[in-house]
Structure formats: C-alpha cells, structure tokens
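Thanks for making the time. I will put a structure on the screen and then walk through it.

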Amino acid sequence: MTGRPAVEDPRAARTRARLRAALLAECAERPLAEAGVAAVARRAGVGRATFYVHYDGLEALAVDTCADVVREAVDALHAWRGRPDPVHAPPALREFFAGLVPHAALYRELLAPGGGGPLGRVLHRDLRARSLAERELVGAADAPLVASAVAATFAGVLADWLHGLLDAGPDQVADQVWQLLVALHMSRCPVPGRGRHDSTELGNRAFSPPGTPRQTG
C-alpha cells in the first residue's frame, strides 16, 4: 500500500480516488507497461507534481487501485448479516469476482500465480490483519494460524484464477473460495468438552463481523 494515514484528508482521498479511476480507464485501453504518469494524471485532472505527492509511480498506484477493490469487497462481506451459508457465497463476493473480469490483465501484471507479486504481498498483509483482528476479538482458537491460512488461500486462489489455472466462472470460483474460507474458520473451532453444536457456533462467531446477530438452532 502507500502508507495512508488512519484519517485521510478528504481532498487527498478524492484525488487518490480520481487517480485510481483514471488508471483503470487507461489500462482498459493499453497494458500497464505502456501507460504513462502524464496520461493518467491528465485523465484524473491533476498535474504530474500532484501525482507524485500521492504515489511513487504507476506500479504503486496500480497496487493501491487493485487492493482498494479487494478491500471494498472484504468490507462488503463483513457488512453482511446472517448465518454463513457454507456452500453459496454472499452476493458481495460474487460481484467482486465478476467485477474483476474487465480488469483481469491489470491484476495479472501485479499478482503472480500462487499469490505473489506486489499486489499479492499487500493482499496477504491486509487480509491477514483483518482476519486476525476479528478472530482475536471473539476469542477464536489459533487466530494467527487461521489468519495466515485465510490470507494465503484468498490471494492464491484469486491469482491462479486470474492466470487461468482454475477452470471456473466468476460465480463458481466465488462459491469455491467461500467454501474454503468457511472451512478454514471452522477448522480450529472444536474445544475440549464442547459438542459439535458449540464448535459450529464458535466458528460462526469467528467468521462473522462484530455485531452480527448469531442464530442458534
């Protein structure tokens, strides 16, 4: 990422948003390697000097742009309410994968198979931190272990799908990723002296965002 402050100045946030949108528009017409700072800045309606106030170069902007799309999807997932369906992904995850299709070439330049590359490192860091915080909040077992597995799984499957290593459409891969994430969160839930129902409930608590109503039964 680019080291954004915890509370970002609204004007800086708007400028960054314009630059991210401009990059996506530019890369819809040509590969990232053929894009230029001047062209992106012109699309965003800012000067080159302003561009460099916010980003070191096009790769930094591209990583921030792609990671921001993932962050929005993760936020949407954590805003979802209800008990997890272990088979079918929530609409937000399906929409995320479908929305990547027009920009797949850009993502492939930044995300190597297996989840490596500059974008992969950012995704792993952000997703692991989010998962770790939520599991620790509810007292779920092995929070660091599961957080690492969740981040690696999501980034790795996303990368392999974008590179054509997985034969699945957006909806199908969304369901598959969701099933893996649910299984990971549930895998470390059994607690000695508790029955299966209690373990399942703890898994739902660890998976769902704070404040989500928990169903029992």
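I will start with the overall make-up, go on to three helices and their contacts, and finish with some single residues.

What we have here is a predicted model. The protein chain has 217 residues, and 45% of them count as buried. Its secondary structure comes to 10 helices and 0 strands. Along the sequence, then, the pattern is α-α-α-α-α-α-α-α-α-α. As for contacts in the chain with a separation of 6 or more, 66% of them come from residues 24 or more positions apart.

Now the helix packing. How do α8 and α9 pack? Their axes are 10 Å apart, at an angle of about 165°. Anything over 145 degrees counts as roughly antiparallel, so α8 is roughly antiparallel to α9. The crossing of these two helices is right-handed. On the α8 side, the residues that meet α9 are Val146, Ala149, Val150, Thr153, Phe154, Val157 and Trp161. On the α9 side they are Pro170, Val173, Val177, Leu180, Leu181, Leu184 and His185.

Next, α5 against α9, which is residues 170-187. These two pack with their axes 8 Å apart, at an angle of about 130°. That angle makes α5 oblique to α9. From α5, the contact is made by Leu93, Arg94, Phe97 and Ala98. From α9, the contact residues include Pro170, Val173, Val177 and Trp178, along with Asp171 and Asp175. The crossing is right-handed here too.

The remaining pair in this group is α5 and α8. Their axes come within 12 Å and cross at roughly 40°, which makes α5 oblique to α8. Leu93, Phe96, Phe97 and Leu100 of α5 make the contact with Phe154, Leu158 and Trp161 of α8. The crossing of α5 and α8 is right-handed.

Phe97 has now come up twice, in the contact of α5 with α9 and in the contact of α5 with α8. That brings me to the aromatic rings.

How many aromatic pairs does a search of the whole structure find? The search finds 6. One pair is Phe97 with Trp161, with ring centres 5.3 Å apart and 80° between the planes, which is edge-to-face. Phe97 is in helix α5, residues 91-100, and Trp161 is in helix α8, residues 143-162, so this pair ties together parts that are 64 residues apart in sequence. Are the two residues buried or exposed? Both Phe97 and Trp161 are buried. The pair also belongs to a cluster: ring pairs link Phe96, Phe97, Phe154 and Trp161.

One more ring, this time with a charge. Arg16 lies over the face of Tyr55, 5.1 Å from the ring centre.

Now to helix α2, residues 37-44. The buried residues in it are Val37, Ala39, Val40, Ala41 and Ala44. As a reminder, an α-helix has 3.6 residues a turn, so residues three or four places apart point the same way. After α2 comes Gly45, with a positive phi near 75°.

Let me turn to three single residues.

The first on my list is Ser131, in helix α7, residues 117-138. Why is Ser131 classed as buried? Its relative accessible area is 7%, and buried means under 20%. Setting aside neighbours within four places in sequence, Ser131 is in contact with Ala147, Val150 and His185. Two of those names have appeared already: Val150 in α8 and His185 in α9 are both part of the α8 and α9 contact.

Next is Asp142, in the loop between α7 and α8. Its phi is positive, near 50°, and the residue is not a glycine. For background, most residues other than glycine have a negative phi. Asp142 is partly exposed, at 35% relative accessibility.

Last is Pro102, in the loop between α5 and α6. At 60% relative accessibility, this proline counts as exposed. How far apart are Pro102 and Ala28 in space, C-alpha to C-alpha? The distance is 7.6 Å, while in sequence they are 74 residues apart.

To sum up: in this predicted model, α5 is oblique to α8 and oblique to α9, and α8 is roughly antiparallel to α9. The ring cluster of Phe96, Phe97, Phe154 and Trp161 includes the edge-to-face pair of Phe97 and Trp161. That is what I had to show.

How values were computed
Residues numbered from 1 in each chain as written. Predicted model: local features only at pLDDT ≥ 70, side-chain atom pairs only at ≥ 80, totals over all residues. Heavy atoms only, no water. Phe/Tyr/Trp six-rings, centres within 6.5 Å; stacked < 30°, edge-to-face > 60°. Helix = DSSP H or I, 4+ residues; strand = E, 2+ residues; numbered from the N terminus. Buried < 20%, exposed > 50% of the residue type's maximum accessible area, 1.4 Å probe, protein only. Lys NZ or Arg CZ within 6 Å of the ring centre and 35° of its normal. Axes fitted to C-alpha atoms, helices over the stretch in contact; angles between N-to-C directions. Parallel < 35°, antiparallel > 145°, perpendicular 65-115°, else oblique. Left-handed = near helix turned anticlockwise from the far one by under 90°. Contact = heavy atoms within 4.5 Å.
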